[in-house]
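Subject: Structure for you to look at

Hello,

Please find the structure below, with notes on what turned up in it. Chain letters and residue numbers follow the conventions given further down.

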Amino acid sequence: MAEMWINMGPQHPMTHGLWNLKVKVDGETVVDAEPEVGYLHRGVEKICEDRTYPQIIPIADRLCYGSSLTWSHLYCMTVEDLMDLKVPPRAEHIRVVAIEMQRIASHLMWLAAYAVDLGMMAGFLYAMRDREIFIDLLQALSGSRITYNYPRIGGVAHDLPPNFQRDALRACDYMDKKLKEYEDLYDGSTVFLMRNQGVGILRREDAMNLGVTGPTMRGSGIAYDLRKDHPYSVYPDMDFEVASHPDCDCYARYRVRMVEMRESARIIRQALAKMPQGKWRTIAPRTAPEGTGIGRVEDPRGEGMMYVVGDGTDKPYRLKIRSPIFVSVSAAPKMLIGYKVADVVAIMGTLDMCIGETDR
Amino acid sequence: MDIEKAPSMIDGNPEEKVLRSLAEGFPRTISGGEKLKSGVIRAHVERTDLYAVCQTLRDSLGFEHISMISAVDYPDRFELVYHITSYQSRLLLELVTGTPKDDPGVDSVSSVWGGANWQEREAYDLMGVVFRNHPKLERILLPMDTMFHPLRKDFKG
Amino acid sequence: MAQAQKVTFSGWVVRPMMRTMTQFIRSFVTGKPNTVLYPYQKLDLPPTYRGLQTLDFKKCIGCGNCVEICPNDCMWLEKLEDPELGKIERPGVDIGRCLFCGFCAEVCPTCAIHMTSEFELANRDRSKLVLGPTAIRDDTYHERFAEERQKQRLPVLDLSKCTSCEKCAGECPEMCVAMMPMDGVGTSKPEISLHKCTSCGKCAEVCPEKCLVMTDVYEQYFEMPEPKFVLKSCTGCSACAKACPADAIYMLEMPGTEKALKDGKKGKPKKRAVFVLEKCVGCGRCFRACKFKAIEMPGVEK
Amino acid sequence: MNLFEFCYGLMHWLVDILNNIWYWLGDFLPWKFGDFFIAIGDLAKAHGTIAVAAILLEVLIIFIIALVSVLNFIWLDRKFMGRIFDFYGPYYVGYRIGGWLQNLADGMKLFVKEVITPSKADKAGFLLAPVVFVASSVLALSTIPLSPDFGVAVNRAGDFVPAGALFAFAAFAIAPFSILVAGWSSNNKYTIIGGMRSAAQMMSYEIPLLLTVASVCLMAGSFSFVDIVAAQSNIWFAIPLALGFIVFLVCIVAEVEIQPFDLPEAEAELVEGWTTEYSGMRFGLFMMTSYLRSYVAGALVTALFLGGWHGFDFIPGPIWFLIKAYIVFIVLTWMRWSLPRIRVDQILQFGWTRLMPLAMLNLLIAAAFKTLGWF
């Protein structure tokens, strides 16, 4: 068959959002690829220049539907850096619990979407069902299911609800049990391994040079985690392992996320055990001083980063958002070329695309 | 280049080390090197020497990863802020360079770090800063036929 | 870290299929499936759930802070006549644009806005999503459901009765009451730094005129802009005092500023506005009402 | 019971009544018209005409039975899937019969949807492909008897088609051709890739499939389903030919294109594969027929390996057959919902390098059994 370009997207089951992957195929083999983004560009950075500092928190929530809490937390961290604000320790611990729950929920959503990419409906529904437990916990904590609007500049919105600790510990135990079941369903399946092992190789040097971050980078054998290497919040007190895998393929990225979920459950247990008493919120000043602030967190998808410039008013002069997937997806051609059309789905699935933050 | 064997943060003062070697290598163009907090340093660089500085940063100082390129529209200049991470010494370098309003252009660093490619395209798209020697400097988030750069302060939607 | 999984023979079909079969047995034999039959069964929502807003007309003072903080500009103040409350201004909400972020409930100084767990808000007509103040009115919500916002008992000053006896300042064990002189008036008023207050209530006990009253005040989470008073521009028109929804502005006479009339008698003395900042909710209405630039509020637009 | 004879008698009876009316009218009417009516009556009474009409009636009956039972299959699939996936499945539409009417409601919805033909499609192929797909699948279904005296496809003497197994597989193998036509004529890149995948898959899996069928026919010494099942009265062929049973199961899954091998309509990569451009009831026909094909697969497995209508005496034979076929259908469904999709190069490699030798080995085993005289 002659070579031809296929548009996978903007409306395609593979895309998990609204973007376009142009693939040039020779029969079933991919010979060239070109991602196109921008279909969901909302101009968040421009909108933020016209909002006061607290008003941006719900907007930062809407950057990513998969892990909205990380983004509002990152925004609050950035503004706290700009304002030189100390956050009460209880608030930091609550934040860590919430972020790690969000990370598990996000990874479970990824697992669900990835199962569908590979055509395994059972995986999709099981992962979505278990994600519901963490969504329910976050709902009890913050009052909403997807866009939590929970962190505040200088703390969090509410204290922990009653019985939250008990439920959270129960959810962590449940998660540990379920992860074993997933490993039966995924790792135990020969077809799953055939589809994943040796597919979508992104070598270590390429991953470093192309700016790929997060589980995708750790799947390429670089054990670099901002929670460990650039510690923020109360992560220095937590004892956890950085998941990494030397195989550089789709299976490695899958394993990294599975291990990360287990480690997140560990962090939640520790943070709940160490939860101090006291205030969970301080009153943030209305206006920020002139200057700049940066914040970076380990988003479930990679390195999330914000850069804020304050000009002495109650509105930021400039807010720049670094989206991990925006950079990672530019490395897609490196991973795709030479594999089959069916592998495009698997490889792009392991990137965990979230178009909300990519296009902003 | 093994991360596991790389010197940790306790070995000396990596922030000072980087700042000193930068200032020695480019005495005329590097200015205002300061340590913001632990693991974060900032330096200003003239835009003429940006490419050479970036190459030195990657090749001899071990900054393998470009985290973020942000363009800021100040009343008198465009400022480009490069946040560059070193995986080995766990450092974040904030490299600031300015470009005048009537000629917003710097050298592209996408041949140094592949990850800079799309971020430079984004900065060009939204702020209108031109990156010289960029492999494909096209709009990325906005449609191709857009006539404006929306993040500039003089843009009113 | 786990190494590459070995391909097993049972993995072709048996292991994944046993996994699904266990789930089948679990949901078919031992219990009910996990899902909820939605229109007939519903999930329990937590008390913090952010659904449709309700507005307590009696608690609301019409300050408009909710309108100010709303990120999407979906709230507005509406003037209306109430048989009980008279001419009032109350906020309405356009839930077609609402983010349900809950800032309006969080910023409300009197906790008049609550987020209920009402979430079935879809409508075929967009205009029916615009809910005026009366549509979201529910004066008994706080009686039926527990309060979530933190309250604090704090002394609140009624300046019109105050005689500047300074007893409260002497009584306070935390030294958080200070007598601040009022320019032009000649007397001083107690100013309470609320973040130091331990709610002991001694100042209220000792007050002879009962002008310091211990009241339940909702904890404020957002820093609000504070009005700055410029005495030399004030004409004493008392437009700000009328505009203030929180009764934080008192018009006091300034002795010694009486105009000498032609018949030798003295006229009425000039008045000035005095701000009791502990009561101020930061809405900026005094700033908007003042026509003589006697009040400054940085960061608030006219 | 013989459906053809039933239809033949029914048509005979109808034609007799009509002929009486026509002759009676012919007597009354003016002579020219009367002759015309009498001529029609003579024509209708001719033996061949009635046979053709009977066959048409039979086809109609089979088609209705097939499509109504498809509702059953879909319901079973959905309900079973629901319990596997921890949800209820169809529930409210037909609450008292376990949500059975949901499929009917979905069918109604598909009927009222707009049927779109792409402007650049090849019209003839685009319209013909669903017809061929449905017809070939129903044809394959019609050849399988439920018991020695309950079946559809008969020859004139009243026996079942002597080469039933061959005919069933021949009819079964037409469908990938129609898939290729559908994919090609839709003039869409996804559909053409889906069609090509289907063709490649059919080519690589038809051979091991037919080799195992050959081994079964060798054991039974006949191509007739009745004889094949009769040969299993003592022991099911699944036990001596266990290897062939597994190979056959894998191949039949690939033939009916359900989950681990549903490459032609791989949802994640090819949108809906070769059905991408079909909408409304045309898509509905494809979907219903794919369920029908899964059932046919179950029936074939039952007839060839699981002893057909043999079972304990307290349940009549056709019911036994249906029970077994439904169980195989459920197992296929179970597999469908718990396994990931395999890749196209892997499926071909698997077919040629694993299944082919195994099928050959199985044929050898069958020949050995036959030579040893055990069967």
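Right after helix α3 of chain B comes Gly128(B), with a positive phi near 80 degrees. Helices here are DSSP runs of H or I with at least four residues, strands are runs of E with at least two, and both are numbered from the N terminus. Helix α3(B) covers residues 116–127, twelve in number, and spans 16 Å from its first C-alpha to its last, close to the expected 16 Å; the expected span is 1.5 Å times one less than the number of residues. Twelve of its twelve residues are buried, so α3(B) is largely enclosed by the rest of the structure. (Buried means 20 or more other C-beta atoms within 10 Å of the residue's own, exposed means 12 or fewer, and partly exposed lies in between, with C-beta atoms placed from the backbone.) The buried residues include Trp118(B), Glu120(B), Arg121(B) and Asp125(B). They pack against α12 of chain A and against β3 (65–73), β4 (77–86) and β7 (130–132) of chain B.

This is a predicted model, in which local features need pLDDT of at least 70 and side-chain atom pairs count only at pLDDT 80 or more, while totals for chains, interfaces and linings use all residues. Residues are numbered from 1 along each chain as its sequence is written, and chains are lettered from A and ligands numbered from 1 in the order in which they are written.

Contacts between chains

Two residues are in contact if their C-beta atoms, placed from the backbone, lie within 7 Å. Four pairs of chains touch, and chains A and C have the most contacts among them. In that pair, 30 residues of chain C meet 39 residues of chain A. Helix α1 (residues 14–28) of chain C supplies the largest share of chain C's side, four residues. That side consists of 17 nonpolar, nine polar and four charged residues. (Ala, Val, Leu, Ile, Met, Phe, Trp, Tyr, Cys and Pro count as nonpolar, Asp, Glu, Lys and Arg as charged, and the others, Gly among them, as polar.)

Between chains A and B, the contact takes 27 residues from A and 25 from B. On the side of chain A, the elements giving two or more residues are α1 (44–48), α8 (204–209), β7 (302–310), β8 (316–322) and α12 (324–328). The largest share there, four residues, comes from β7(A). By type, the side of chain A has twelve nonpolar, seven polar and eight charged residues.

Chain B has no contact with chain C, and their closest C-alpha atoms are 15 Å apart. Nor does chain B have a contact with chain D, where the closest C-alpha atoms are 25 Å apart.

Chain C

Domain bounds come from an automatic or database domain assignment. For chain C it gives domain 1 (53–144), domain 2 (151–220) and domain 3 (222–302). The C-alpha centres of domains 1 and 2 of chain C are 33 Å apart.

Chain C has an open, antiparallel sheet of three strands in the order β2-β3-β5. Its edges are β2 (75–82) and β5 (130–131), each with a single partner strand, so one side of each has no neighbour in the sheet. Strands pair if DSSP finds at least two bridges between them; β2(C) and β3(C) (residues 86–94) have eight. Leu80(C) stands opposite Ile88(C) in β3(C).

Strands β7 (residues 177–181) and β8 (residues 188–192) of chain C run antiparallel, joined by five bridges. Met180(C) has Lys189(C) as its bridge partner. The two strands form a hairpin with six residues between them, and Gly184(C) in the turn has a positive phi of about 90 degrees.

Chain D and the cores

Chain D is divided into domain 1 (1–112) and domain 2 (134–372), with C-alpha centres 26 Å apart. The two domains are in contact through 21 residues of each. On the side of domain 1, α3(D) gives the largest share, 13 residues. That side has 16 nonpolar, two polar and three charged residues.

A nonpolar core is a set of buried Ala, Val, Leu, Ile, Met, Phe, Trp, Tyr and Cys residues joined through C-beta atoms within 7 Å. The largest has 277 residues, and those touching the most other members are Val344(A), Ile252(D), Val253(D), Leu300(D) and Val301(D). Helix α4 (residues 89–117) of chain A gives the most to this core, 18 residues.

Regards
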